[in-house]
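Visitor: I have a new model on my screen and would like to know how its labels are earned. Could you walk me through them?

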Amino acid sequence: MDGNAGEVANQVCPQTVVAEVTRRCGNHHPTVWGDHFLAYAHLSGANEWEKKQHEHLKEEVRKMLEMSPSKSLQTLDLINAIQCLGIAYHFEHEIEESLACIYSCYDQLNAEADETDLHLVALRFRVLRQHGYYVSSHVFRKFTDDQGNYNKALVSDVQGLLSLYEATQFRVHNEEILDEAVNFTTTHLKLLLLTLSNSFAMKISNALKYPINYTMVTVATRKYLSFYQEDKAHDDVLLNFAKLDYNILQKMHKSELCDITRWNIDDVSEQLPSYMKLYYLALLDVYVEIEKELAKENNSFQVKYSIAEMKKLINAYFQEAKWYHGNNVPTMEQYVKNGIRSSTTPCLATLSWLGIGNEATKEAHDWLASEPLILVASSIIARLSNDIVSHEREQEGGDISGVECYMNEYGVTKEEAYVEIRKIMDNSWKDLNRECLKRTVVPRVLLMPVLNLARMSEFSYKDEDSYTVSKNDLRDIISEVLVDPITI
């Protein structure tokens, strides 16, 4: 162990007289879960039947992938279903082989498609980009007229419209054809909802509210499972494997949450205000424990990067406090620059790498600490999505938010600021998408936590600040994901 966390924990400040600090109260409600997860203390994971059935079904799905024609719509639909059902991590090699084959003849395949193949072209485009392949959006030109408008005949192709809508979520800068597709598909899918009354209408409604690239993967998996089961064309082997895998993972998460709920700190640090003592000691304990674990694999050097990011986060909070107490409203540029760190995304991303293993090398950590564009984009999405839904509450308490900064600097209304801030977020998503398509100095597995943190932010701050006020929809979603197993 290199002692990074240990040294911090053993430092003792000189005894000083500290004035009592009156802390502003956010009036947050207590956790809605209490000690609920302590009930899973004796959860033992998958039983013997589940293990055998899981292995059997996994091999059946593997055979399906191997036997499916490599360049066909059948293969694309199968890969997409496996991805949406949350089981792609079992078949990374097989999926990569299929997509590499499709990518190698991408132009030829699209040249063979005609104006009736919108679903095929859009699905192929989306799946490849989703897995890090840069493919051209020019393939959608065949579905537009001379003015660049999408053909009116497409409005009757419901599946094609939905596939195109999902493809647009992986667009990057300077792709006007996909920017236009966002408006076209959103408008007509909403109109279709007025005429459809089947389960496909529910699928469309969910896709519009929780776009495939902008939502938490586990939540999306749970919803997709129900849609897939309702589809008469579903494959029973695929469905049963996905359900079983979901339940096994849920058991593992329940056990982990039990450990987190039981975890507590008995001692305190006398050099801090009373409200910070428990937090500070708990934080140091976490770093010490992680450092000990990582030392077993000679990876304890990673802890110093996590500590450094925590210091940056605290300094960002301190800057916000100075703005508050000085009655200063920063410019939007100043706010966003500080907000990259106050979003907690750099801190959380670095923490997440501690559990990834040898992929998170010193070079990779140095790259992340330099605040590359993918991290900046994810951080901006997190910071501003929070600001939009919490603006009015924070304004009442005198806190600074991006909305207030934009209104103050540009002299616009709250509603106008929301629109412009959403544009900033849209551009950040384009940056994020583009960076996921580049071959960076780090493997793709290290990029995924950064992407997923942006997805978590978009999801948590969709219609309200569900992170702060978790008694509403978020409670039901947590029940679905972490409490209630799927009936098999």
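**How the labels are earned**

Guide: Happily! Let's begin with Glu293, which counts as partly exposed because its relative accessibility is 48%. Before we go on, this is a predicted model, in which local features need pLDDT of at least 70 and side-chain atom pairs count only at pLDDT 80 or more, while totals for chains, interfaces and linings use all residues. Residues are numbered from 1 along each chain as its sequence is written, and side-chain values use heavy atoms, with hydrogens and water left out.

Visitor: What makes 48% "partly exposed" for Glu293?

Guide: Buried means under 20% relative accessible area, exposed means over 50%, and partly exposed is in between, with a 1.4 Å probe and protein chains only. Glu293 at 48% falls in between, so the label is partly exposed.

Visitor: And why is Lys296 called exposed?

Guide: Lys296 has 62% relative accessibility, which is over 50%, so it counts as exposed.

Visitor: How do you know that Glu293 and Lys296 meet in a salt bridge?

Guide: The rule asks for a side-chain nitrogen of Lys or Arg within 4 Å of a carboxyl oxygen of Asp or Glu. For Glu293 and Lys296 the N to O distance is 3.1 Å, so the pair qualifies. Side chains of opposite charge can pair when their charged atoms come close.

Visitor: How many salt bridges does this rule give?

Guide: The count comes to 21. Among the residues involved, Glu59, Arg62 and Glu94 are linked in a network.

Visitor: What makes Arg383 and Asp387 a salt bridge?

Guide: Their side chains meet at 3.2 Å, N to O, so they satisfy the rule. Both residues lie in helix 17 (residues 373–396), 4 residues apart, about one turn of the helix. Arg383 and Asp387 are both buried. Helices here are DSSP runs (H or I, at least four residues), numbered from the N terminus.

Visitor: Why is the contact between Lys423 and Glu420 called a salt bridge?

Guide: The closest N and O atoms of Lys423 and Glu420 are 3.3 Å apart, so this pair passes too. The two residues sit in helix 19 (residues 414–437), 3 residues apart, about one turn of the helix. Lys423 is partly exposed because its relative accessibility is 45%, and Glu420 is partly exposed because its value is 28%.

Visitor: Why is Thr468 called buried?

Guide: Its relative accessibility is 18%, which is under 20%, so Thr468 counts as buried. Thr468 is placed in the loop between helix 20 (444–460) and helix 21.

Visitor: What makes the pairing of Thr468 and Asp465 a polar contact?

Guide: A polar contact is a pair of N or O atoms within 3.5 Å; within protein, one must be able to donate a hydrogen and the other to accept it, and residues adjacent in sequence count only if both atoms are side-chain atoms. The side chains of Thr468 and Asp465 are joined at 2.7 Å, so the distance fits.

Visitor: And Gln53, is it buried or partly exposed?

Guide: Gln53 is partly exposed because its relative accessible area is 26%. Gln53 lies in helix 2 (residues 48–67). The C-alpha atoms of Gln53 and Phe241 are separated by 8.3 Å, with the two residues 188 apart along the chain.
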